[in-house]
Amino acid sequence: MLDNLPRGTICIEDIEMGMSRYLRKIVTDEDIEMFAQVSTDRNPVHLDDDYARDTIFQGRIAHGMLTAGLISAVIGEQLPGHGTVYMGQSLKFLAPVRPGDTVYAEVKVVDIDMAKRRVKLDCHCSVDGKKVLAGEAMVLAPSRKFD
């Protein structure tokens, strides 16, 4: 994975509007198989080439939630990072991700409630510059004062 900054924690006291972080990851066949194992979602559109060729996707695709998991990785590892509590997430799946695609996952601070330690993040994933996922997340950020 390629990140733009080191992993760790950014406390609420240091978070600023417009702050963003990202990662890039190549989605592999092994990733898709492992996600199927963990989630128990063995839909053949993800795992069976012959089946998937006859779908609207005309080939295998990664699980949408595998792609969404990359947003979770940016939030949990970079912004705000370690100690963050997920409160909610909205997602729209805009296009499929295929084995071998490089996914760019980014989050950006769009609102901060310092008193409640809540941070709203704009989230998106793209492949070759085309958005494949968009949404918003609400998180409880760690604080030097309490954590």
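Which exposed residues does the face of H1 turned away from its buried side carry? Keep that in mind while we walk up to the helix; the answer comes at the third stop. One thing before you click: this is a predicted model.

**Stop 1: the whole chain**

Show everything as a cartoon and colour by secondary structure. The protein chain has 4 helices and 6 strands. Follow the ribbon from the N terminus and the elements come in the order β-β-α-α-α-α-β-β-β-β. Turn the model around: along its principal axes, the C-alpha trace spans about 55 × 30 × 25 Å.

Now switch on the surface. About 8,000 Å² of the protein chain is accessible, and carbon and sulfur atoms account for 51% of that. Of the 147 residues, 40% count as buried. If you look at contacts between residues at least 6 apart in sequence, 65% of them join residues at least 24 apart.

**Stop 2: the annotated domain**

Select residues 24-118. The UniProt record, an unreviewed entry, gives this stretch the feature "domain: MaoC-like". The span is 36% helix and 26% strand. Mark the C-alpha atoms at its two ends, and you will find them 26 Å apart.

**Stop 3: helix H1**

Select residues 29-39, which make up H1. Colour Asp31, Ile32 and Ala36, which are buried. Why do they sit on the same side of H1? Because they cover an arc of only 135° around the axis. To see what lies over these buried residues, add strand E2 (20-26), helix H2 (44-47) and helix H4 (64-77), which are among the elements that cover them.

Next, rotate to the opposite face, and here is the answer to the opening question: the side turned away carries the exposed residues Glu30, Gln37 and Val38. Before you leave, step just past the end of the helix to Thr40, where phi is positive, at about 65°.

**Stop 4: Asp31 up close**

Zoom in on Asp31 and show its side chain. Is Asp31 buried or exposed? It counts as buried because its relative accessible area is 14%, under the 20% cut-off.

Its side chain has two polar partners to display. One is the side chain of Lys25, with a polar contact of 2.7 Å. The other is the backbone nitrogen of Thr28, which the Asp31 side chain reaches at 2.9 Å. Leaving aside neighbours within four places in sequence, Asp31 is in contact with Lys25, Ile26 and Leu66.

**Stop 5: Glu77**

Move along to helix H4 and pick Glu77, which is found there. Glu77 counts as partly exposed, at 26% relative accessibility. Which residues does Glu77 contact once its neighbours within four places in sequence are left aside? Select Arg7, Gly8 and His82 to see them.

Two of these partners deserve a distance label. Between Glu77 and His82, the side chains are joined by a polar contact of 2.9 Å. With Gly8, look at the backbone instead: the C-alpha atoms of Glu77 and Gly8 are separated by 5.8 Å, although the two residues are 69 apart along the chain.

**Stop 6: the cysteines**

For the last stop, select Cys11, Cys123 and Cys125 and show their sulfur atoms. A disulfide is a covalent bond between the sulfur atoms of two cysteines. How many disulfides are there in this model? The count comes to 0.

Start with Cys11, in the loop between strand E1 (2-3) and E2. Why is Cys11 without a bonded partner? The closest cysteine sulfur, in Cys123, is 20 Å away, so it is too far for a bond. Cys123 is in no disulfide either, and its nearest cysteine sulfur, that of Cys125, is 8.3 Å away.

Check the surroundings too. Cys11 is buried, with a relative accessible area of 13%, and Cys123 is also buried, at 1% relative accessibility.

Finish by expanding the selection around Cys11. Beyond its neighbours within four places in sequence, Cys11 is in contact with Pro142, Ser143 and Arg144. Add Arg117 as well: its C-alpha atom and that of Cys11 are separated by 9.2 Å, with their positions 106 residues apart along the chain.

Key:
Residues are numbered from 1 along each chain as its sequence is written. This is a predicted model: local features need pLDDT of at least 70, side-chain atom pairs count only at pLDDT 80 or more; totals for chains, interfaces and linings use all residues. Side-chain values use heavy atoms; hydrogens and water are left out. UniProt positions are given in the numbering used here, feature names are shortened, and annotations may be inferred rather than shown by experiment. Buried means under 20% relative accessible area, exposed over 50%, partly exposed in between (1.4 Å probe, protein chains only). A polar contact is a pair of N or O atoms within 3.5 Å; within protein, one must be able to donate a hydrogen and the other to accept it, and residues adjacent in sequence count only if both atoms are side-chain atoms. Contact means heavy atoms within 4.5 Å. The arc is that of the directions from the helix axis to the C-beta atoms. Accessible areas come from the Shrake-Rupley method with a 1.4 Å probe; for residues, only the protein chains shown count as cover. A disulfide is a pair of cysteine sulfur atoms within 2.5 Å.
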